[in-house]
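Here are my notes on the model you sent, set out as numbered points. Please read them with the sequence and the structure open beside you.

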Amino acid sequence: MNFDIAVILSNAKFLLLQGLVGIGRFGGGTLRLAIPAIVLGFGVGMVLGLARLARRRWIHYPAAVYIELIRGIPLVMVIFWFWFLVPVILGRPVPEYWVALTAFAIFEGAYIAEIVRAGIQSVPKSQMDAATASGLNYIQTMGSVLLPQAIRNVIPSLVTQFIVLFKDTSLASIIGMMDLTKAAQTVSQRELRPFEMYVFIAVVYWVCTYSMSRFSRWLEVRMSPERALPR
Amino acid sequence: MLTMAGLLGSSYQFHWSVLWQAPHGQWLLNGLLMTLKLTAVSWVFAVFLGILFGSLRTVPSRPLRMVASAYVEFFRNVPLLVWLFFWYFGAPEVLPESVREWVIHHGMEYWSAVAGISIYHGARMSEVIRAGIQSIPRAQVESGIATGLSVFQAYRLIVIPIALRLIVPPVTNESLNLLKNSSLAMTIGVGELTFATRQIETYTAKAFEAFTAGTLIYLGLCLGIAFVMNRVEKKFAIPGLIARTERAEH
């Protein structure tokens, strides 16, 4: 068998524009799903992470149960749950894109919550005492003293999780959303060249995730001057 | 769960008995057994690859380190689903005729899933094991070599035994990820637990009951394994160390 580069070139436009970016008549798109999912997942994770550290039990326990429950089941299962539940609850059909986006925000939020919690716990307690002593309230303490340090401490873990989320968006193809994976499936059924198609999208995914991890390394060095010093 | 049932409204009729009626109960059981088998077999291969490439990433030889890095960085940065499609649809095309024949007659879905999951999770295991090895002071290896061990012996007798004990928590976490990710094998037609759940849903139109069953079985497995490994971790903890290696991401 010889590697047929022409089949990749002739379908690259569809795969990249429709599959990766989401421009085309099928909607969807890996990036168009991944970027809002990262933003929403981070928001959900932030709220849950703070809730899990709350002193009041009625805030603390539901957050803990939510996180442990979600972390104990596969993402595919969560996607199927939403695929089935969202239309029933709303009483009308919902596009796969919105089902996937909801499922990702809910699922990845639980993982991001654990990272946020680890970040907050990594800040010395004296910081909180000092902030309280200087008259800041809870929101001011969290917003201007604890969270900036906490997030900075966990940037590598956060970006790793965002990379995981980016890769996870491929699962939206299971419920039929047109992303990079689904686009490759569609093309390989027509062209009967699955080897070339999957190698090509593997490389595209790799370029995206690898640049994210390089960016993370750069950010880590830039945001913490003390770590940039030679050890 | 109850609030979800409330949201469904009164129009939905619950029939929990579909879960144990023949043949659905059997489907679920077979699905569970397949999930366990797929997870166990892939885990063994993934741990082997993890120890091999995780160690290679820390050895003094630069070419070996580069080979190991190339494997890890490429395989773990591409979605598992893409690897499964690659191994199932793409890779057989380039196999020699005789090998392809054998695989087709011996459960191609299953072996593609094992290949995809093992190689992907092997790359992720390598990272966990590398982190474990690098948390061991360099002096341990150097003193091993100074006492006359070869690099290979220093790894086999000193570094890997200590690292294995240090990394019980992150390896447990990664193993649970492998278990959860085995659900993706349904996409290439392996009859594991998620596949069985979907099958029941398709045949009975009782999605709520079917997904509840699947969800509870996965939760039971994950929480059960986490509980057992927590005990193992305490038993094998190295006395005098309080630092746990940080929980790896999913």
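1. In chain B of this predicted model, residues 24 or more positions apart in sequence account for 79% of the contacts with a separation of 6 or more. For chain A the corresponding share, again taken over contacts with a separation of 6 or more, is 70%.

2. Chain B is made of 11 helices and 0 strands, so that, by the DSSP runs used to assign elements, its order from the N terminus reads α-α-α-α-α-α-α-α-α-α-α. Its C-alpha atoms fill a box of roughly 75 × 50 × 25 Å along the principal axes, and buried residues make up 44% of the 250 residues in the chain.

3. Chain A likewise has 11 helices and 0 strands, and its pattern along the sequence is α-α-α-α-α-α-α-α-α-α-α. Here the C-alpha atoms fill a box of roughly 70 × 55 × 25 Å, taken along the principal axes, while 42% of the 231 residues of chain A count as buried.

4. On confidence, the model as a whole scores ipTM 0.89 and pTM 0.88. Chain B averages a pLDDT of 87, with 91% of the residues scoring at least 70; over residues 242-250 of chain B, however, the pLDDT is below 50, although this stretch has 23 contacts in the model beyond near neighbours in sequence. I would ask that any reading of those contacts be given together with that pLDDT.

5. The contact between the chains takes 35 residues from chain A and 32 residues from chain B. On the side of chain A that touches chain B, at least two residues each come from α4 (75-90), α8 (155-168), α9 (180-191) and α10 (194-223) of chain A, and α10(A) gives the most, with 10 residues. By character, the residues on this side of chain A divide into 25 nonpolar, 9 polar and 1 charged.

6. Since α10(A) gives the most to that side, the helix deserves a closer look. It has 30 residues and reaches 43 Å from its first C-alpha to its last, close to the 44 Å expected at 1.5 Å a residue. Its buried residues are Pro194(A), Glu196(A), Met197(A), Tyr198(A), Phe200(A), Ile201(A), Ala202(A), Tyr205(A) and Thr209(A). The buried residues of α10(A) pack against α1 (5-21), α8 and α9 of chain A, together with α4 (80-94) of chain B.

7. Which residues have the most contacts inside the largest nonpolar core? That core has 124 residues, and the ones with the most contacts inside it are Val78(A), Ile79(A), Ala100(A), Val82(B) and Leu84(B). Helix α5 (residues 96-121) of chain A gives the most to this core, with 15 residues. Leaving aside residues up to four places away in sequence, Val78(A) touches Ile70(A), Ile73(A), Ala103(A), Ile106(A) and Phe107(A). In soluble globular proteins, nonpolar side chains tend to be buried together.

8. Is Thr204(B) buried or exposed? Thr204(B), which lies in helix α10 (residues 193-204) of chain B, is partly exposed because 15 other C-beta atoms lie within 10 Å, whereas a buried residue would need 20 or more and an exposed one 12 or fewer. Thr204(B) and Leu80(B) are 124 residues apart in sequence and 30 Å apart in space, C-alpha to C-alpha.

Terms used:
Residues numbered from 1 in each chain as written. Chains lettered and ligands numbered in written order. Predicted model: local features only at pLDDT ≥ 70, side-chain atom pairs only at ≥ 80, totals over all residues. Contact = placed C-beta atoms within 7 Å. Helix = DSSP H or I, 4+ residues; strand = E, 2+ residues; numbered from the N terminus. Nonpolar A, V, L, I, M, F, W, Y, C, P; charged D, E, K, R; others polar. pLDDT = per-residue confidence, 0-100. Core = buried A, V, L, I, M, F, W, Y, C linked by C-beta atoms within 7 Å. Expected span 1.5 Å × (residues − 1).
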